[in-house]
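Hi,

Here is the structure I promised to send over. Have a look at it first, and then read on for what I found in it.

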Amino acid sequence: MTRRRVVLLGATGSIGTQALEVVRAHPERFEVVGLAAGRDAAAVSAQARDLGVRTVALADVEAARTLRAERPDLEVLDGTAGVAELARLDADLVLNGITGAVGLEPTLAALHAGTPVGLANKESLIVGGELVVAAAEAAGGRESHLVPVDSEHSALAQCLRGGRRDEVGRLVLTASGGPFRGRTADELREVTVDDALAHPTWAMGPVITCNSATLMNKGHELIEAHELFGIPWDRLDVVVHPQSVVHSMVEFVDGSTLAQLSPPDMRLPIQLALAWPERLPHAFTACDWTQPSQLTFEPVDRETFRALDLAEFAGRRRGTWPAVLNAANEVAVDHFFAGRLGFLAIPELVERTLEAWGATSPGHPRDLDDVLAADAWARRFAGQPRNVSPSVDGGST
C-alpha cells in the first residue's frame with residue numbers, strides 16, 4: 001500500500017497536533033514530508049526529528065534563523081514565502097491548519113501546484129473564496145482538490161454522498177450556541193474575555209472560541225459551505241444544537257434529512273480528510289448509543305448575535321467583501337482581548353467597516369494582491385482610534 005505524502009501547515013497548533021496523532025495511529029498510511037509553523041522552532045524541531053521530516057518552514061524569520069543554526073540537517077524555509085514554498089512540495093495532500101488570513105497564500109500555492117488541500121484554514125475560503133475555487137477547478141475540480149476539515153463541512157461532505165447534487169434541498173449547519181446561548185443583548189454588555197473563552201463543548205484557540213461566542217464563526221462557515229459545495233445562499237441555514245453531536249445535516253428535495261453524528265472530537269474529521277474519500281478502521285471516539293442521551297435544536301437569535309447576518313451579507317456579495325468582514329472581525333476581536341472594545345461592539349465595528357467599504361465601490365478580486373489590499377484597508381479602518389473605545393457599546397470588558 002502506497003503511503004500518502006502529507007505537508008502539514010500549522011503543525012504546532014490545535015489542528016496540527018491532532019493531525020499528528022492521526023498520522024502516528026496510521027504509520028502505514030501517511031508520511032509527513034513537510035512541517036510549517038509560526039515561531040515555535042523547538043516544537044517543529046522535535047516533530048521533524050520524531051517523524052523523519054527533512055523540510056520545515058517557520059513564518060517567523062528570526063525563529064527560522066535559530067532553527068537553521070541548531071539543526072543543519074534540516075532544510076529550513078522562512079517567512080510567509082517560505083511557508084508557501086513548503087506548500088508546493090511534491091505531496092499527495094497539503095493539510096492547512098494555519099489560523100488567520102495568512103493561510104490563504106499557501107492554500108493557493110498548493111492548488112497552483114496541483115496538490116489537493118485539506119482545509120482547516122477557513123480564512124482561505126472566506127478571504128479568497130473566488131480565487132481558491134478557481135484554482136481548485138483549474139487543478140482538477142472543487143470536490144477533488146478542496147477537502148473540508150472543519151467538523152461541519154466534513155459532515156456535509158459525508159451526507160452529500162447520500163444523494164445526487166440535484167436532489168439537495170438545503171444544507172443545515174449546526175451551532176453549539178457558544179457560552180452565551182440564551183442570553184439577551186443586555187446580559188452581554190459586561191461579559192469578559194474569560195466569559196467569552198469558556199466554550200461549553202469544544203477546545204479551540206482563543207480567536208475561534210471568541211468567534212464562536214459572537215457566532216461569527218458560524219457566519220464564516222456559511223461562507224465556506226457556499227464556496228465548497230456551490231449551494232445557493234437561500235438554501236443554507238443554521239440551527240443551534242447545544243450537544244455538538246449532530247455536526248451538520250443535508251435535507252433533500254423529498255423532505256428526508258441525512259445527518260452526521262459523532263462526539264465533538266476534531267480527530268475524526270482530520271482523519272477522514274487525510275484519507276479522503278476512504279474511512280480508516282480506527283475510532284478515536286464514538287457515540288455510545290446504549291446510554292441515555294438527548295439531542296435538541298433551536299433557532300438562532302439573530303437579533304442578539306448579529307455577526308451571523310453580517311457574514312451572510314458579505315458572503316452573498318462575494319468578491320472582496322468577505323475579506324473585509326474577516327479582517328475587521330480579527331481587529332475587533334484583538335481590541336476586545338486587549339480591553340479596548342466591549343463584546344457587543346465587535347459586530348458593530350465589523351458593520352461600520354463593511355458600510356465604509358461599500359462606499360469604495362469594490363469589484364471582484366483579480367489576484368491575491370487585490371484580496372490582500374482589501375484585507376489591509378479593513379485592518380486600517382477598524383484600527384482607527386475612534387473605533388476602539390470600550391464605551392462604543394456602553395460597556396467594557
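Let's start with strand β8, residues 168–175: it runs parallel to β9, and 5 bridges join the two. If you want a spot to look at, L171 stands opposite L236 in β9. This is a predicted model, by the way, so please read everything below with that in mind.

Those two strands belong to an open sheet of 4 strands, in the order β9-β8-β10-β11, with mixed pairing. At the edges you'll find β9 (236–240) and β11 (257–261), each of which pairs on one side only. On average, neighbouring strands here are turned by 20° against each other, ignoring direction. Helix α11 (residues 216–229) packs on this sheet and touches β8 and β9, with its direction at about 150° to that of β8.

Just ahead of that helix there's a backbone oddity. L215 is found in the loop between α10 and α11, and its phi is near 75°, a positive value in a residue that isn't glycine. Another one to click on is the peptide bond from W276 to P277, which is cis, with omega near 5°. P277 has its place in the loop between α12 and α13 (307–317). Why bother pointing these out? Because most residues other than glycine have a negative phi, and most peptide bonds are trans.

Now for the other sheet. This open sheet has 7 strands in the order β4-β3-β2-β1-β5-β6-β7, and the pairing is parallel. Its edge strands are β4 (75–78) and β7 (146–148), each pairing on one side only. The twist from one strand to the next averages 25°. Inside the sheet, strand β2 (residues 30–37) and strand β3 (residues 55–58) run parallel and are joined by 3 bridges; A37 has L58 in β3 as its bridge partner. Helix α3 (residues 61–70) packs on this sheet too, touching β3 and β4, and its direction makes about 170° with that of β4.

There's also a helix pair to look at. The axes of helix α6 (residues 123–139) and helix α14 (residues 321–337) come within 7 Å and cross at roughly 145°. From α6, residues E123, I126 and V127 meet P322, A323, N326 and E330 in α14. Sorted by class, that contact has 4 nonpolar, 1 polar and 2 charged residues.

On to the pockets, which may interest you at the bench. Which residues lie nearest the centre of the largest pocket? They are I15, G97, I98, T99 and I208, out of 50 residues that line it. The volume of this largest pocket is about 1100 Å³. Helix α10 (residues 206–214) gives the most to its lining, with 5 residues. By class, the lining of the largest pocket has 19 nonpolar, 22 polar and 9 charged residues.

The second largest pocket has a volume of about 340 Å³. It is lined by 22 residues, and Q158, Q260, S262, L268 and R279 lie nearest its centre. At least two lining residues come from each of α8 (151–159), β11 and α12 (267–275), and α12 supplies the largest share, 4 residues. So that you have the classes here as well: the lining of the second largest pocket divides into 11 nonpolar, 9 polar and 2 charged residues.

Finally, a word on confidence. The mean pLDDT of the protein chain is 92, with 96% of its residues at 70 or more. The stretch to watch is residues 391–397, where pLDDT stays under 50. The model has 27 contacts beyond four places in sequence for that stretch, and I'd read those with the low pLDDT in mind.

Cheers

Key. Residues are numbered from 1 along each chain as its sequence is written. This is a predicted model: local features need pLDDT of at least 70, side-chain atom pairs count only at pLDDT 80 or more; totals for chains, interfaces and linings use all residues. Side-chain values use heavy atoms; hydrogens and water are left out. Axes are lines fitted to C-alpha atoms, for helices over the stretch in contact, and angles run from 0 to 180 degrees between N-to-C directions. Contact means heavy atoms within 4.5 Å. Ala, Val, Leu, Ile, Met, Phe, Trp, Tyr, Cys and Pro count as nonpolar, Asp, Glu, Lys and Arg as charged, and the others, Gly among them, as polar. Two strands pair if DSSP finds at least two bridges between them. pLDDT is the predictor's confidence in each residue, from 0 to 100. On a 1 Å grid over the protein atoms alone, a cavity is a set of points where a 1.4 Å probe fits but cannot get out, and a pocket is an open set with protein on both sides within 12 Å along at least five of seven lines; lining residues have an atom within 4 Å of a point. Grid points are joined across faces, edges and corners, and a volume is the space filled by probe spheres set on the points.
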